Amino acid sequence: MDLRHLRYFLAVAEEGHFGRAAKRLNIVQPALSMQIKALEAELGGALFVRTSRRVVLTEAGLLMQAEAKRIFEQTERARLTVERAIRGETGRVRVGFAGNAIFSGKLIADLRLFHQCFPDAELMIHEVGPQEQVEAILAGQLDIGYTPVHSKITASDLAVRRIGDWEIRVALTEDHPLTQHECLTIDMLAGQPLIIYDAHDAHEHLFITLTQRLGEDCHIAYRTGSTLSILAMAATGLGLAFIPAPLQQVHIPGLVYRRLIEPNLTANLVLISREQETSESVKAYLKLVSRSV
């Protein structure tokens, strides 16, 4: 017994006539009669009572009709479920992000767009350090990462898409003498206690630039790997912090931001994923957000 036999059986049961059922199935009546007889022989009993004008279901036939309908309903559900999974409409996408990414607007816009287009797909969102994102993606613990550029993203199994570049801002207390200037230069920071973000090795470029330009007057007071910590330390007056421009939208009492005039110093954001991705939902995410870059 297979789905073809069940389809033939249901056609006869619903039409109540072999001729009409054969026409509906686009087969000849003798072939249909032979298939029904073979099905009855396999089951060991009659499914229909045949008369000269019509056929009527037996008690066993009524049971078979209910079960056959249930089988076809389940088959259709299975087909639709698999088709939706292939289109990426269901499944799970695990997204990791560095603290700065959430303030850029790109991360939230991408997540919102995917959720609107694929509401039945599960989104899992985690704050993960830049270098840890690479390890988690390659280990299959994350699918997508939003991170600044750093040395580990050169892994051969990783796909990298550049999605943003921003100027650097200096965060300092509102009563600091340098707030009288709308823009600052590196030379103006000589001798000042400085706070730099230390979550990934790309910020070594900032450190090298500062030390080369300021020499002995370069005073790195603190390094921190937390986005909110760097702002809190600057607001406390422990030093002047270097942050990506999108972070200036964070309002902290007593803290102000000034533009740093230094073209060679920028903050960036890339989207990383596995080069050979097998999840259809992750592929759908990448395809969708790539259009919005």
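Mentor: One term before we start: a residue counts as buried if its relative accessible area is under 20%. And keep in mind that this is a predicted model.

Trainee: OK, with that cut-off, how many of the five residues of strand β8 (residues 193–197) are buried?
Mentor: Take the strand's five residues and ask which fall under 20%. Enough of them do that β8 is largely enclosed by the rest of the structure. The count of buried residues is four.

Trainee: Which strand is joined to β8 by five bridges?
Mentor: Two strands run parallel to β8: β10 is joined to it by two bridges, and the other by five. Within that five-bridge pairing, L194 has I220 as its partner. The strand spans residues 219–224, and its name is β9.

Trainee: And over in β10, what is the bridge partner of I195?
Mentor: β8 and β10 run parallel, with two bridges joining them. Follow I195 across to β10 and you land on A241.

Trainee: Let's look at A171 too. Which residue is its bridge partner in β11?
Mentor: Strand β6 (residues 158–173) pairs with β10 (residues 240–244) in the antiparallel sense over four bridges, and there A171 is partnered by A241. β6 also pairs with β11 (residues 255–260), again antiparallel, over five bridges. In β11, the partner of A171 is Y257.

Trainee: How many bridges pair β6 with β12 (residues 266–274)?
Mentor: Here the two strands pair in the antiparallel sense. One of the bridges puts G164 opposite L269 of β12. The total for the pair is nine.

Trainee: Moving to the helices, how is α1 (residues 3–15) oriented to α2 (residues 18–25): oblique, or roughly perpendicular?
Mentor: Their axes are 8 Å apart and the angle is about 130°. Roughly perpendicular covers 65 to 115 degrees and roughly antiparallel needs over 145. The angle sits outside both ranges, so α1 and α2 are oblique.

Trainee: What is the handedness of that crossing, right-handed or left-handed?
Mentor: The contact has R7, Y8, A11, V12, E14 and E15 on the α1 side and F18, R20, A21, R24 and L25 on the α2 side. By class, that is six nonpolar, no polar and five charged residues. As for how α1 passes α2, the crossing is right-handed.

Trainee: How is α1 set against α3: roughly perpendicular or oblique?
Mentor: The two axes come within 10 Å and cross at roughly 110°. The range for roughly perpendicular is 65 to 115 degrees. That makes α1, relative to α3, roughly perpendicular.

Trainee: How many charged residues are in the contact of α1 with α3?
Mentor: α1 passes α3 in a left-handed crossing. R4, H5, Y8, F9 and V12 of α1 meet L32, Q35, I36 and L39 of α3. Sorted by class, there are six nonpolar and two polar residues, and the number of charged ones is one.

Trainee: How many nonpolar residues does the contact of α1 with α4 have?
Mentor: α4 (residues 59–86) packs on α1 at an angle of about 125°, axes 10 Å apart, and the crossing is left-handed. On the α1 side you find L3, L6, R7, F9, L10, A13 and E14, meeting α4 residues that include M64, A68, I71 and F72. Three residues of the contact are polar, three are charged, and the nonpolar ones number nine.

Trainee: Which glycine follows α7 and has a positive phi?
Mentor: In α7 (residues 130–138), P130, Q133, V134, A136 and I137 are buried. Their cover includes β3, β5, β6 and β12. After the helix, phi turns up near 80° at G140.

Trainee: And N26, is it buried or exposed?
Mentor: N26 is in the loop between α2 and α3. Its phi is near 65°, positive in a residue other than glycine, and most residues other than glycine have a negative phi. Its relative accessible area is 72%, so N26 is exposed.

Trainee: Last one: how far apart in space are A109 and V289, C-alpha to C-alpha?
Mentor: A109 is in helix α6 (residues 106–117) and, at 38% relative accessibility, is partly exposed. In sequence, A109 and V289 are 180 residues apart. In space, the C-alpha to C-alpha distance is 8.8 Å.

Key
Residues are numbered from 1 along each chain as its sequence is written. This is a predicted model: local features need pLDDT of at least 70, side-chain atom pairs count only at pLDDT 80 or more; totals for chains, interfaces and linings use all residues. Side-chain values use heavy atoms; hydrogens and water are left out. Axes are lines fitted to C-alpha atoms, for helices over the stretch in contact, and angles run from 0 to 180 degrees between N-to-C directions. Angles under 35 degrees count as roughly parallel, over 145 as roughly antiparallel, 65 to 115 as roughly perpendicular and the rest as oblique. A crossing is left-handed if the near helix is turned anticlockwise from the far one by less than a right angle, and right-handed if clockwise. Contact means heavy atoms within 4.5 Å. Ala, Val, Leu, Ile, Met, Phe, Trp, Tyr, Cys and Pro count as nonpolar, Asp, Glu, Lys and Arg as charged, and the others, Gly among them, as polar. Two strands pair if DSSP finds at least two bridges between them. Buried means under 20% relative accessible area, exposed over 50%, partly exposed in between (1.4 Å probe, protein chains only).
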